[in-house]
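Hi,

Here is the structure I said I'd pass along. Have a look at it first, and then read on for what turned up.

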Amino acid sequence: MKRILAIEQLSKNFISWKQTTTTLQDINIEIKDGEFICLVGPSGCGKSTLLNIIAGLEKPSAGGVFLNGNPLKEAGPDRAAVMFQESALFPWLNVLENVEFGMKMAGIPAEERQNRAIKYLKLVQLSRFSTVPIHTLSGGMRQRVALARALAMDSRLLLMDEPFSALDSQTKEILQLQLQQIWWETKKTIIFVTHDVEEAVLLGDRVIVMAANPGRIKKDIKIHLGRPRQAKSLDVTYVVEEVKKELREEVERVAKAEYDSDWSIEKISFLANSSDYMADGI
Amino acid sequence: MLILLIIWQTVFEIAVNYLKIWKPFYFPSPLDVGASLYQLFLDNTLQIAILVSLKRLVIGYLISVVLGIFLGLTIARFKYLTENLSSMILGLQTLPSICWLPFALLWYGPNESAIIFLIAIGSTFAITLATLSGIQNVNPIFIRAGKTLGAKGFRAYKDIIIPASLPILIAGLKQGWAFAWRGLMAGEMISATRGLGQVLMAGREWGGISQVVAVMVVIIFLGLTIDKLVFSNIEANIRFRWGLNKT
């Protein structure tokens with residue numbers, strides 16, 4: 001498969017008064033066409049910043065992002081479609097108008113963009129709600145509209161910034177399944193940021209584990225599991241534990257910075273580890 | 001409403017007719033005001049005054065809407081202007097429109113333009129301020145989402161920033177409308193030969209306090225009607241779309 005996106009020696013510094021914070025340091029990622037990449041990491045590791053840079057919403061301090069070999073300049077439809085954590089749907093437009101928005105900006109005639117918008121609303125199973133105002137939708141429905149709006153942009157690359165993190169777990173599971181199916185049908189390249197390892201393993205072809213201070217790539221793990229994957233199935237859980245091991249030390253390191261200096265994760269494990277007592281009472 | 005009228009009439013009966021602490025020309029009874037309204041209506045004074053005043057009001061107000069929104073957009077667009085002009089605009093807004101009267105008379109003379117100038121200057125800054133705060137309160141995620149969907153430059157203003165700031169903007173337009181009335185009255189009372197303000201002042205000069213109150217009643221009634229017909233409808237529409245009615 002051909003390479004669609006390359007991130008080369010990318011760094012990002014935030015300069016505030018008297019202090020420079022390195023949010024991202026020397027990031028190198030290559031992504032093939034049609035791949036599903038998940039970025040996981042502790043809070044503050046710069047995964048959202050990385051996504052924003054790929055989207056063109058922020059500028060890197062050094063290095064660059066290349067789409068099909070060309071360096072990228074501004075955010076826009078020819079670059080990538082983006083889906084945000086909170087629903088970034090426009091409340092002054094109804095569902096259909098939201099999905100049409102990108103096509104309207106691109107100057108596509110009214111009739112054609114309506115047909116296309118309805119097609120994508122059907123894909124997320126929301127065509128019944130096309131004339132409804134946004135505020136009447138539930139959180140899960142909103143994210144589905146946002147997905148339809150992003151898909152309607154027709155760009156090869158779809159960036160998702162913790163899109164399901166605000167949803168309850170049942171809704172989340174349904175949407176994860178639906179996303180796998182849509183990805184399968186549309187063959188898009190997806191970069192999906194999440195802090196949830198299970199979600200990352202469930203969805204990704206590759207899970208890229210990031211570390212914080214400075215934000216960097218710790219490990220790039222290929223997930224060799226068949227699809228569709230079910231949350232909490234044995235094989236998924238097994239891989240999740242593997243990835244969590246990679247992350248644990250990292251999460252603890254970040255947490256330590258937020259606690260008193262004598263704190264460690266072992267000290268708060270006051271509950272007995274159930275596996276130690278498995279055979280008790282037999 | 002009816003209860004208020006009864007209280008009014010009772011106060012009049014006690015203070016003017018019974019205790020005689022107020023003279024009849026200090027304080028009118030609702031019946032006198034009604035009679036006066038009817039009289040003004042019969043000789044067409046009222047209708048002409050309303051039409052003339054509304055015409056001035058609409059022209060002045062439209063000017064201030066265009067000017068106010070334009071100023072607000074410009075100031076919000078450039079950080080330098082936002083930092084330096086915001087407090088000045090706030091200061092100008094607190095200035096009652098009647099303070100501009102000397103300028104109005106000096107620049108235009110006692111005529112139609114002077115009144116329209118007073119109306120416009122009174123409401124422009126309120127609208128500018130609302131535009132400013134409307135834009136500043138736009139959720140940044142809308143702008144970011146807009147960018148990734150291809151809304152840049154002028155399109156970003158037309159399709160994202162202005163619709164996103166509408167709930168605040170509409171409140172400012174409403175406030176501007178109230179200020180426009182103040183400007184209108186200031187202008188008409190002093191330099192007009194026709195209009196509601198002039199009828200009100202004529203009442204004062206010829207000792208007809210009931211005519212003064214009659215005009216006041218008409219102004220309140222017009223204000224409420226226009227608010228109900230125009231602004232409330234638009235506001236309710238926006239609130240419904242945004243889902244702001246649910247708490």
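How many residues of chain B are in contact with chain A? Keep in mind that this is a predicted model. On the chain B side there are 16, and they touch 21 residues of chain A. Helix 7 (140–148), helix 8 (153–191) and helix 10 of chain B each give two or more residues to that side, with the largest share, six residues, coming from helix 7. By class, the side of chain B that touches chain A has nine nonpolar, four charged and three polar residues.

Now chain B as a whole. It has 10 helices and zero strands, and its C-alpha atoms fill a box of roughly 75 × 50 × 30 Å along the principal axes. Of its 247 residues, 36% are buried. If you take the contacts in chain B between residues at least 6 apart in sequence, 73% of them join residues at least 24 apart.

Helix 10 of chain B is worth a scroll. It runs over residues 209–242, and because each residue should add 1.5 Å, its 34 residues should span 50 Å; the end C-alpha atoms are 47 Å apart, which agrees. There is a bend of about 40 degrees at B:Lys228. Buried residues in this helix are B:Ser210, B:Gln211, B:Val213, B:Ala214, B:Val215 and B:Val218. Their cover includes helix 2 (30–42), helix 3 (45–77) and helix 9 (196–205) of chain B. Right after helix 10 comes B:Gly243, with a positive phi near 75 degrees.

Cheers

Methods: Residues are numbered from 1 along each chain as its sequence is written. Chains are lettered from A and ligands numbered from 1 in the order in which they are written. This is a predicted model: local features need pLDDT of at least 70, side-chain atom pairs count only at pLDDT 80 or more; totals for chains, interfaces and linings use all residues. Helices (H or I, at least four residues) and strands (E, at least two) are DSSP runs, numbered from the N terminus. The expected span of a helix is 1.5 Å times one less than its number of residues. The bend at a residue is the angle between axes fitted to the seven residues ending there and the seven starting there. A residue is buried if 20 or more other C-beta atoms lie within 10 Å of its own, exposed if 12 or fewer, and partly exposed in between; C-beta atoms are placed from the backbone. Two residues are in contact if their C-beta atoms, placed from the backbone, lie within 7 Å. Ala, Val, Leu, Ile, Met, Phe, Trp, Tyr, Cys and Pro count as nonpolar, Asp, Glu, Lys and Arg as charged, and the others, Gly among them, as polar.
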